[in-house]
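Open the model in your viewer and keep the selection panel at hand. The stops below each give something to select and then say what is there.

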Amino acid sequence: LMGVPMPDREAEPLKYLSLRYSMPEWVIKMWQQTYSFGQIEKILEAFLAKQPTAIRVNPLKTTKEELEKELKAAQVQVKDPGLIDVLFLEGYDTLERIPAFTAGKFHVQDVSSMQVGLWADPKEGNYVLDVCAAPGGKSIHMAELLNGTGLVEARDLTEHKVSLIRENIARCQLPNICAKAADARVLDKEKVGKADIVVADLPCSGLGVIGRKADIKYRLKETACRELAALQREILHTVRQYVKPGGALLYSTCTINYEENEGNAAWFLQGHPEFCLEQQKQILPQKGMCDGFFLAKFRKKE
C-alpha cells in the first residue's frame, strides 16, 4: 500500500503539521498567531513522545534519596531529572501497588503544575483557597509547603470531584487541608478578603496535556475555547474577592491558547486595577519532561 503523500513542509506548513502529527488544522492555525513553525513542531513532537510519570516527593514523610532507594527496591524504574523533590517513574503496574504511594510518600504531579505551589510560595500560617482543586495535587503541595501549619481549603464543583481530593488527603495524612463542594462562579460572602493566597487553576481547553489525553484533539471545538475563556473570566472576577490586601491570586491553565492565557491575564488587570501582575509564563511541552501549562501571579495592592 502506498503511504499518504505528505504535503510539502515549506509550501504548505499548516497541512504538513496537521497530517504529520495528526492535529486539527484549526489548533495549528491558532498557534501560528503566537508561535513559529519550529516552536509548533516541537510542541507536536513532545505530544507524541513517551512521557514518564512525574512524581513529587512528600518532604514531610521522606527524602528524595530514601524514596528513590525504596522505589528501586520495589522494582520501579526511577530517573532523577535533577529538579528538587522530583523523580520520574516508568515500568510499574499500577500506583496502588507501590507501597510508598499508598503511604503518601509521593504524589503524581506534572513538573509544570508543580510551579503553582512554588510561585505561590505560601508562608507558615497562611490560609490558602484553591477554588477548582480536584484531584488535589496543587492543594496538597501547598499544605506540604506550609509545613503542617495554616489551612488549605480545596474546593470543586461536585461531590464526585471532592471525593477525589479527599482520597488524596487521606493518603498523605496532612492535618492542614480540607475539601468542600462549591461552585467557583458563586460568591461565598464569608470568604471575602480572607485568603492569603487564592489558587484558580481553571477549567480550560487542555491543549497543553494532549500528550497524556490524546482524545482532546478530536473532541475539542474551536467555539469551546471561546466559551471556556469566558467562563475563566467569570470565575476570576468572582474569586479575586477572596484575596486579602497584600495577598496573591494565582491563575493557571493546562492549555496553550493566547485567549485563555495571556489574553485573560491582560483582561483581568484592565478590569481589576487593585491587582498588579508579578509574573506570568506560558510553559510549552518538552519532550519527556513536562506538559504545556500557563501561570500568572497577581498581587492585591495593600
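This is a predicted model. Begin by selecting V152 and the residues around it. Leaving aside neighbours within four places in sequence, V152 is in contact with V128, S139, M142, A143, L146, N176, I177 and C178.

Now widen the view to the core. The largest nonpolar core has 30 residues, and V116, V128, M142, V152 and I177 touch the most other members. Colour the elements that give two or more residues to this core: β3 (86–90), α6 (111–120), α7 (137–145), β6 (151–156), α8 (159–172), β7 (177–181), β8 (195–201) and β11 (293–300). Which element gives the largest share of this core? That is α6, with five residues. A separate, second core has 23 residues, including Y16, V27, I43 and L207.

**Strand β6 and its partners**

Select β6 next. Five of its six residues are buried, so the strand is mostly covered. On one pairing, β6 runs parallel to β5 (residues 127–130), with four bridges between them. To see one matched position, select L129, which stands opposite E153 in β6. Follow the chain from β5 through α7 to β6: this β-α-β crossover is right-handed.

β6 also pairs with β7; these two strands run parallel and are joined by five bridges. Here select R155, whose bridge partner in β7 is K180. Tracing β6, α8 and β7 gives a β-α-β unit that is right-handed.

Before leaving β5, look at the loop between β5 and α7, where P135 is placed. The peptide bond from A134 to P135 is cis, and its omega is near 0°.

**The four-stranded sheet**

Select β1, β2, β3 and β4. They form an open sheet with antiparallel pairing, in the order β2-β3-β1-β4. Which strands lie at the edges? They are β2 (77–79) and β4 (106–108), each of which pairs on one side only. On average, neighbouring strands of this sheet are turned by 35° against each other, direction ignored.

Zoom in on β2 and β3, an antiparallel pair with three bridges. Q77 stands opposite E90 in β3. Then add α7 to the selection: this helix packs on the sheet and touches β1 (53–57) and β4. The direction of α7 makes about 25° with that of β1.

**Two loops beside β2**

Select Q75, in the loop between α4 (64–73) and β2. Phi of Q75 is near 65°, a positive value in a residue other than glycine. Is Q75 buried or exposed? Its relative accessible area is 64%, so Q75 is exposed.

Move on to D85, in the loop between β2 and β3. D85 is not a glycine either, and its phi is positive, near 60°. D85 is partly exposed, with a relative accessible area of 25%.

**Last stop: R240**

Select R240, in the loop between α10 (222–239) and β9 (243–253). R240 counts as buried because its relative accessible area is 16%, and buried means under 20%. Show its surroundings: not counting residues up to four places away in sequence, R240 touches L249, F268, H272, E274 and F275. What lies 2.7 Å from a polar atom of the side chain of R240? It is the backbone oxygen of H237.

Conventions: Residues numbered from 1 in each chain as written. Predicted model: local features only at pLDDT ≥ 70, side-chain atom pairs only at ≥ 80, totals over all residues. Heavy atoms only, no water. Core = buried A, V, L, I, M, F, W, Y, C linked by side-chain atoms within 4.5 Å. Buried < 20%, exposed > 50% of the residue type's maximum accessible area, 1.4 Å probe, protein only. Contact = heavy atoms within 4.5 Å. Polar contact = N/O pair within 3.5 Å; in protein donor to acceptor, adjacent residues only side chain to side chain. Pairing = 2+ DSSP bridges. Right-handed = clockwise from strand over helix to strand, strands pointing away. Axes fitted to C-alpha atoms, helices over the stretch in contact; angles between N-to-C directions.
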